[in-house]
Each structure stands twice: as structure tokens, then as C-alpha cells.
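Work through the exercises below with the sequence and the coordinates open side by side. Each task is followed by a solution that goes step by step.

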Amino acid sequence: MEWEFDKVSFSREFSRNVVTKLLVERAEHGGWELDRVRITADGTRRVILRRKIIRAVRTA
């Protein structure tokens, strides 16, 4: 299975609720799912999203 990854960063000014809403919107409309979240020492949230790569197979 192959995955496509997207890295997103949110500054500490964004509240937890706002970040959640933005990630849910990306998941619903883009098919992304949460892979990893890292909160750095300065409060920045670094999020890695992933989604499956679907390859079309030609028939006949």
C-alpha cells in the first residue's frame, strides 16, 4: 500500500479547537487521516497527514 503525506504546521496562536476544526475539514474533503502530531518546545504543532494512493489499473 502506498501513502501520500502532507506536512502542516500551526503556530501556538491557534487554539486546540481551531486546529481540530481545520484538520477535520481536510479529512472530510481531502480524504486525509492523521498520522502524527508533534508539539515543539515553542508551542508549534507539526502535523503529518496521510492518504492512500489509489492507482488505476488499465483493463483490456
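## Exercise 1: Phe14 and its surroundings

Phe14 has a relative accessible area of 38%, and is therefore partly exposed. The model used here, and in every exercise that follows, is a predicted one.

**Task.** Locate Phe14 relative to β1 and α1, and determine which residues make a nonpolar surface patch with Phe14.

**Solution.** Begin with the secondary structure: Phe14 belongs to the loop that lies between β1, residues 3-10, and α1, residues 16-30. Next, consider the accessibility, where the value of 38% falls between the limits of 20% and 50% that bound the partly exposed class. Because patch membership requires over 30% relative accessible area, a residue at 38% passes that cut-off. The patch itself is made by Phe14, Val18 and Leu22, and covers about 220 Å².

## Exercise 2: The aromatic pair

**Task.** Find how many aromatic pairs the structure holds, and decide whether the rings of Phe10 and Phe14 are stacked or edge-to-face.

**Solution.** A search for aromatic pairs returns one. Its rings are those of Phe10 and Phe14, whose centres are 6.0 Å apart and whose planes meet at 80°, so the arrangement is edge-to-face. The reasoning rests on two quantities, because a pair of aromatic rings is described by the distance of the centres and the angle of the planes. Here the 6.0 Å is within the 6.5 Å limit for pairing, and the 80° is over the 60 degrees required for edge-to-face. As a last step, examine the accessibility of each partner: Phe10 is buried, at 8% relative accessible area, whereas Phe14 is partly exposed, at 38%.

## Exercise 3: The strands around β3

**Task.** Establish how many bridges join β3 to β2 and how many join β1 to β3, and identify which residue of β3 is the bridge partner of Leu34.

**Solution.** Start with β2, residues 33-39, and β3, residues 45-52, which run antiparallel and are joined by six bridges. Within this pairing, Val37 has Val47 as its bridge partner, and Leu34 is partnered by Leu49. The two strands form a hairpin with five residues between them, and Gly43 in the turn has a positive phi of about 95°. Then turn to β1, which is joined to β3 by eight bridges, again in an antiparallel arrangement. On this side, Asp6 stands opposite Leu49, so that Leu49 of β3 faces Asp6 as well as being the bridge partner of Leu34.

## Exercise 4: Salt bridges and the network at Arg50

**Task.** Determine how many salt bridges a search of the whole structure finds, and work out which residues are joined with Arg50 into one network.

**Solution.** The search gives five salt bridges, among them one in which the side chains of Glu4 and Arg51 meet at 3.0 Å, N to O. This pair links distant parts of the chain, since Glu4 is in strand β1 and Arg51 is in strand β3, 47 residues apart. Both partners are partly exposed, with Glu4 at 31% and Arg51 at 26% relative accessibility.

Now take Arg50, whose side chain meets that of Glu33 in a salt bridge of 2.8 Å, N to O. Because Glu33 lies in strand β2 and Arg50 in strand β3, the pair ties together parts that are 17 residues apart in sequence. Arg50 also forms a salt bridge with Asp35, with the closest N and O atoms 3.8 Å apart; Asp35 is in strand β2, 15 residues from Arg50 in the sequence. Salt bridges with shared partners thus join Glu33, Asp35 and Arg50 into one network.

To complete the picture, compare accessibilities: Glu33 is partly exposed at 35%, Asp35 is partly exposed at 29%, and Arg50 is partly exposed at 23%. The charged end of Arg50 also sits over the ring of Trp3, 4.1 Å from the ring centre.

## Exercise 5: Sequence separation and distance in space

**Task.** State how far apart in sequence and in space Gly30 and Arg51 are, and do likewise for Glu13 and Lys52.

**Solution.** Gly30, found in helix α1, is 21 residues from Arg51 in sequence and 8.6 Å from Arg51 in space, C-alpha to C-alpha. Glu13, found in the loop between β1 and α1, is 39 residues from Lys52 in sequence and 31 Å in space, C-alpha to C-alpha. For accessibility, Gly30 is partly exposed at 26%, while Glu13 is exposed at 68%.

Note on methods
Residues numbered from 1 in each chain as written. Predicted model: local features only at pLDDT ≥ 70, side-chain atom pairs only at ≥ 80, totals over all residues. Heavy atoms only, no water. Patch = residues over 30% accessible without salt bridge, like charges linked within 9 Å, V, L, I, M, F, W, Y side chains within 5 Å. Areas by Shrake-Rupley, 256 points an atom, 1.4 Å probe, with all protein chains shown as cover. Salt bridge = Lys/Arg side-chain N within 4 Å of Asp/Glu carboxyl O. Helix = DSSP H or I, 4+ residues; strand = E, 2+ residues; numbered from the N terminus. Buried < 20%, exposed > 50% of the residue type's maximum accessible area, 1.4 Å probe, protein only. Phe/Tyr/Trp six-rings, centres within 6.5 Å; stacked < 30°, edge-to-face > 60°. Lys NZ or Arg CZ within 6 Å of the ring centre and 35° of its normal.
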